[in-house]
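Here are some notes to read alongside the model. They take the sheet and its strands, then the helices, then the pocket.

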Amino acid sequence: MTWAKVDDQLAFHPKALAAGNEALGMWVRAMSYSCQMLTGGFISRDVVIAFGGVKVAKRLVTARLWHEVEGGYQFHDWDEYQPSAEVEKVKRECTHVIIS
């Protein structure tokens, strides 16, 4: 299991206020998804549609919480704040090692 980090100043951060509650709900769900699936902060268009749609995602882009990229969206500064997919893959592999 990978834990995502959320700044304790998020609730009243100007970007969060600009995005609105519906978009922030998508943002949190997408963060959890990205950590689970080790996407490195990339969220495909199909996942965006499942989480609320492109219109909601555009609010995250406008608020500069996401960037629109080919095939979907990318969290802003993912690698600066979240665990890397490579490190998490190694950690997951280590949890499956049985020592006898």
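1. This is a predicted model. A good place to begin is the pairing of S1 with S3: these strands run antiparallel and are joined by three bridges. One of the pairs can be found by residue, since Ser 44 has Gly 72 in S3 as its bridge partner.

2. S3 also pairs with S2. Strand S3 covers residues 72-75, and its antiparallel pairing with S2 has four bridges. Among the partners, Trp 66 is matched with Phe 75 in S3, and His 67 is matched with Gln 74 in S3. Strands of a sheet pair through backbone hydrogen bonds, in either a parallel or an antiparallel way.

3. Put together, the three strands make an open sheet with the order S1-S3-S2 and antiparallel pairing. Which strands are at the edges? They are S1 (42-44) and S2 (66-69), each of which pairs on one side only. From one strand to the next, the twist averages 30 degrees.

4. The turn between S2 and S3 deserves a look. This hairpin has two residues between its strands, and Gly 71 has a positive phi there, near 85 degrees.

5. Next, consider what packs on the sheet. H2 lies across S1, S2 and S3, and its direction is at about 105 degrees to S1. Helix H4 (residues 54-62) packs on the sheet as well, where it touches S2 and S3 and makes about 120 degrees with the direction of S2.

6. How do the two helices sit relative to each other? Two packed helices are described by the angle and the distance between their axes. For H2 and H4, the axes come within 9 Å and cross at roughly 90 degrees. Angles of 65 to 115 degrees count as roughly perpendicular, and H2 and H4 are therefore roughly perpendicular to each other.

7. The residues at this contact can be listed. H2 brings Glu 22, Ala 23, Met 26 and Trp 27, while H4 brings Val 56, Ala 57, Arg 59 and Leu 60. By class, six of the residues in the contact of H2 with H4 are nonpolar, two are charged and none is polar.

8. Last comes the largest pocket, which holds about 410 Å³ of space. Its lining consists of 16 residues, and those nearest the centre are Asp 7, Trp 27, Leu 65, His 76 and Tyr 81. Helix H1 (14-19), helix H2 (21-37) and helix H5 (78-81) are the elements that each give two or more residues to the lining. What classes of residue line the largest pocket? Nine are nonpolar, three are polar and four are charged. Trp 27 is worth marking on the structure, as it appears both in the contact of H2 with H4 and among the residues nearest the centre of the largest pocket.

Methods: Residues numbered from 1 in each chain as written. Predicted model: local features only at pLDDT ≥ 70, side-chain atom pairs only at ≥ 80, totals over all residues. Heavy atoms only, no water. 1 Å grid on protein atoms, 1.4 Å probe; cavity = no way out; pocket = protein on both sides within 12 Å on 5 of 7 lines; lining within 4 Å. Points joined across faces, edges and corners; volume = space filled by probe spheres on them. Nonpolar A, V, L, I, M, F, W, Y, C, P; charged D, E, K, R; others polar. Pairing = 2+ DSSP bridges. Axes fitted to C-alpha atoms, helices over the stretch in contact; angles between N-to-C directions. Contact = heavy atoms within 4.5 Å. Parallel < 35°, antiparallel > 145°, perpendicular 65-115°, else oblique.
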